[in-house]
Amino acid sequence: MTEVLVLIDAPAGKVTKPSLELLTIARRIGEPSAVVFGQADTSVLAEYGAEKIYTYADSVYEEYLVAPKAEALAALAAEKSPAAVLAPATTEGKEIAARVALKTNSGLITDAVDVTVDGGQITTTQSVFAGNFTVEAQVTQGTPVIAVKPNAATPEQVAGAGAVEAVSFDVPESAKAVKIVSSEPRVSTGRPELTEAAIVVSGGRGTNGDFSEVEALADVLGAAVGASRAAVDSGWKPHSFQVGQTGKVVSPQLYIAAGISGAIQHRAGMQTSKTIVAVNKDEEAPIFELVDFGVVGDLKTVLPQATEEITKRKG
Amino acid sequence: MTKIVVAVKYVPDATADRTFDEADHTVDRENVDGLLSELDEYAVEQALQVVEAGEGEVTVLTVGPADAADAVRKALQMGADAGVHVEDDSIAGSDAFATSLVLAKAIEKLEYDMVFFGMASTDAGMGVVPTLVAERLGLPAVTYASELTVEGDTVKIRRDGDAATQEIEASGKLVVSVTDQTGEARYPSFKGIMAAKKKPVEQWSLADLGIDAGEVGLDNAWTKVLSTTPRPPRTAGEIVTDEGDGGIKLVEFLASKKFV
Ligand SMILES: Cc1cc2nc3c(=O)[nH]c(=O)nc-3n(C[C@H](O)[C@H](O)[C@H](O)COP(=O)(O)OP(=O)(O)OC[C@H]3O[C@@H](n4cnc5c(N)ncnc54)[C@H](O)[C@@H]3O)c2cc1C
Ligand SMILES: Nc1ncnc2c1ncn2[C@@H]1O[C@H](COP(=O)(O)O)[C@@H](O)[C@H]1O
């Protein structure tokens, strides 16, 4: 079986859930080889099926943006001739994937929400035009390089050999041009990750800046909190909370929009959610075109009542 | 004197019903109104601000069909000084690699200090063309700027990544891409609209750039679309008006779906 190179995302050494999903997808194609820049918990990679783990310890990868990792991964891909290269569809992951694809004369697919394999042929599914279309595509040249969105698979625990191989690679000087001067890790909110949560409760301009009702409902549901761009632009929530075209794309089991009108750019980030619920004062709000259940009413009274009722039912 | 090239894309209007050509699965650019990608307006805005803070010139560059001239015109109306429109039938259906090739060759023909991009196009939305152009030109890529400062030939940005907020810096000739967090883009003024009519726009073909038609276009893409399927319409949901029990009804619905 041929190797599949999987670019692992491990901020502060902690392997992300989407990275484990990539290992599971890689297994459908061949033997997963994890590629780690910096530190990462290699035992978890083995637990989720990594046969090999290539590690790059040089600090150069933390000092300069994108290019050094792309050079190293492209060189590894050229040497190993893998069946595919998988990367997380983060901004950095996509940039690395694009450069690796160009350097190895290979086709690139970004933002895959599913990857299937039939007789060795890899087919991807993407969700485009604000989630209004589903596109199936294949790479026709070189090694398929695919950047995959979170939740494209359920991570499966399958023991892999997890053989660690430290790689030393001479990063060309030309790749050391864009300096990372400082890096401030995002502080955890204590709630589930927006892109990984099964339930998301989002607030918009209708919250008028007070997210307490949104957060209280999110907490009784064990949900992540999201926001519209209007709420982010107003400074009520940081950009990392934004759902939509220029924020996060989420696809949870349940999405609750409170005080959000449902502009196309917001829909782009939540339209593929399984069940959609909205609370909005305006019965004409476009968000109601999407919902499975909608309440025309003031979120300031509807959300607290719902929170109280759920608490009561939980006993 | 800072010379900035801004790459802008002409895209189908996101608020219209965007579709695909049924025969070859390319984006339908004929039956849907197009415009300058909203996300590229932010790049034009930032370029104009850099030039206005000192001295310089902004040239907008687009690769696209005849109608893409509209995107160039809008940027000129906003205040850009000159335009370049690369148009060639062979380019239709190009993937990100071919687009980046055409852009890189066009940029090489221009005099520039910096090249600005939007963070992503609003149709393809891959967000990789800036990094690919940089790779082809051998230039540093300072990408996904949420905040941008230019001092001399040094560019500093804030980059809001998925896991961290970073400060990034590079100098010399380089590529920059900006997000919609950089600040509102200006509307063309009446004066700007009138002035735009006299601004020069160059029209280039593949031959002008020394690119062979076999390197671009749908047939030479490194990926192939098998199918495009509209998402099934959502079945109409239940909508209730709050009469004092809206929250309870909401929970009853959630319970019926086993969320509670
Ligand atoms: C290039 C571009 C990219 C964009 N990217 C994004 C993106 O990623 N994400 C995003 O969200 N937007 C994005 N937008 C912005 C988008 O177009 C909308 O402006 C934005 O989504 C509106 O946010 P909102 O629904 O919170 O505010 P509004 O549209 O102002 O809606 C507020 C809603 O709250 C309701 N309301 C008010 N008070 C109450 C109350 N007490 N109780 C209940 N309901 C109430 C109102 O009836 C209204 O429907 C983008 C725009 C552009 C041009
Ligand atoms: N055909 C094009 N002409 C000019 N610029 C483009 C074109 N396609 C993409 N770009 C630029 O590249 C950025 C990212 O595009 P994309 O990688 O397609 O999401 C856009 O915001 C534009 O600045």
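Which residue in β9(B) is the bridge partner of B:V150? The views below come from a predicted model, and the first one picks up that question.

**View 1. A β-hairpin in chain B, built from β8 and β9.** Look for B:V155 in β9(B): that's the bridge partner of B:V150. The two strands, β8 (residues 147-151) and β9 (residues 154-160) of chain B, run antiparallel and are joined by 5 bridges. Just 2 residues sit between the strands, and B:G152 in that turn has a positive phi of about 60°.

**View 2. Ligand 1 between chains A and B.** Here's the ligand in its setting, the second largest pocket. Two helices of chain A, α7 (229-233) and α8 (264-267), and α1 (38-53) of chain B are the elements that each give two or more residues to the shell around ligand 1. Sorted by type, the shell residues come out as 14 polar, 7 charged and 6 nonpolar.

**View 3. Ligand 1 and the residues that come nearest to it.** There are 27 residues around ligand 1, and the nearest are A:R205, A:S228, A:S261, A:Q265 and A:N280.

**View 4. Polar atoms of chain A facing ligand 1, with A:N280 as one of the examples.** A polar side-chain atom of A:N280 is 2.7 Å from an oxygen atom of the ligand. With A:D298, a side-chain N or O atom lies 2.8 Å from a nitrogen atom of ligand 1. A:G247 uses its backbone instead: a polar atom there is 3.5 Å from a ligand oxygen. As for burial, ligand 1 has 990 Å² of accessible area on its own, and the protein covers 83% of that.

Definitions and conventions: Residues numbered from 1 in each chain as written. Chains lettered and ligands numbered in written order. Predicted model: local features only at pLDDT ≥ 70, side-chain atom pairs only at ≥ 80, totals over all residues. Heavy atoms only, no water. Near = heavy atom within 4 Å. Polar contact = N/O pair within 3.5 Å; in protein donor to acceptor, adjacent residues only side chain to side chain. Areas by Shrake-Rupley, 256 points an atom, 1.4 Å probe, with all protein chains shown as cover. 1 Å grid on protein atoms, 1.4 Å probe; cavity = no way out; pocket = protein on both sides within 12 Å on 5 of 7 lines; lining within 4 Å. Sits in = over half its atoms within 2 Å of the grid points. Helix = DSSP H or I, 4+ residues; strand = E, 2+ residues; numbered from the N terminus. Nonpolar A, V, L, I, M, F, W, Y, C, P; charged D, E, K, R; others polar. Pairing = 2+ DSSP bridges.
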